Amino acid sequence: MATREELEGAGTFPLSADHRMLLRIRDTLYEGDWCDFVHDLRCRAEGRPHVYETIPQAATMHTTIVAHLKMIEEMQAWEQAHNCRLRP
């Protein structure tokens, strides 16, 4: 993990309410594992069996899942680049 000095120089990730929600879901339902969370969202989008229904069935469900996957991808990239886990 990064030192305090490294984190202070790294800046912060701009967390919206949706980012914070995704982080809480990752930490609570998926025990902090992005891979399981992403896999479950992709299965849900494809109509395959999935563990959690984190997004209600609606006409905009697929669009919402795609947007969430994009946000997750951005957060994962930030975490990797800064060697730091984002917290809600």
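Arg26 and Glu79 are joined by a salt bridge in which the closest N and O atoms are 3.0 Å apart, a salt bridge being a side-chain nitrogen of Lys or Arg within 4 Å of a carboxyl oxygen of Asp or Glu. This pair links distant parts of the chain, since Arg26 belongs to helix α2 and Glu79 to helix α4, 53 residues apart; helices (H or I, at least four residues) are DSSP runs, numbered from the N terminus. The model is predicted, and local features need pLDDT of at least 70, side-chain atom pairs count only at pLDDT 80 or more, while totals for chains, interfaces and linings use all residues. Residues are numbered from 1 along each chain as its sequence is written, and side-chain values use heavy atoms, with hydrogens and water left out.

**Charged pairs**

Side chains of opposite charge can pair when their charged atoms come close. By the rule given above, the count comes to six salt bridges, and three of the pairs are set out here.

| Pair | N to O distance |
|---|---|
| Arg26 and Glu79 | 3.0 Å |
| Arg85 and Asp27 | 3.9 Å |
| Glu46 and Arg48 | 2.7 Å |

Arg85 lies in the segment after α4 and Asp27 in helix α2, so their salt bridge ties together parts that are 58 residues apart in sequence. A network of salt bridges links Arg26, Asp27, Glu79, Arg85 and Arg87. How well these residues are covered can be described by relative accessible area, where buried means under 20%, exposed over 50% and partly exposed in between (1.4 Å probe, protein chains only). Arg26 counts as buried because its relative accessible area is 0%, and Glu79 is also buried, at 9%. Arg85, in turn, is partly exposed at 28%, as is Asp27 at 24%. Outside the residues named for that network, Arg48 is partly exposed with a value of 38%.

**The nonpolar core**

In soluble globular proteins, nonpolar side chains tend to be buried together. Here the largest nonpolar core has 19 residues, and those with the most contacts inside it are Phe37, Leu41, Ile72 and Met75; such a core is a set of buried Ala, Val, Leu, Ile, Met, Phe, Trp, Tyr and Cys residues joined through side-chain atoms within 4.5 Å. The elements that give two or more residues to this core are α2 (17–29), α3 (34–45) and α4 (61–82), and α4 gives the most, with seven residues.

Not counting residues up to four places away in sequence, Met75 touches Phe13, Leu15, His19, Leu22, Leu23, Trp34 and Leu86, where contact means heavy atoms within 4.5 Å. Leu23 lies in helix α2 and is buried, because its relative accessibility is 0%. When its neighbours within four places are left aside, Leu23 is in contact with Leu15, Trp34, Met75, Leu86, Arg87 and Pro88. Leu23 and Arg87 are 64 residues apart in sequence, and their C-alpha atoms are 6.4 Å apart in space.

His19 is likewise placed in helix α2 and is buried, with a relative accessible area of 9%. With neighbours within four places in sequence again left aside, the contacts of His19 are Phe13, Pro14, Met71, Glu74 and Met75.

**An exposed residue**

Val51 is found in the loop between α3 and α4, and this residue counts as exposed because its relative accessible area is 63%.
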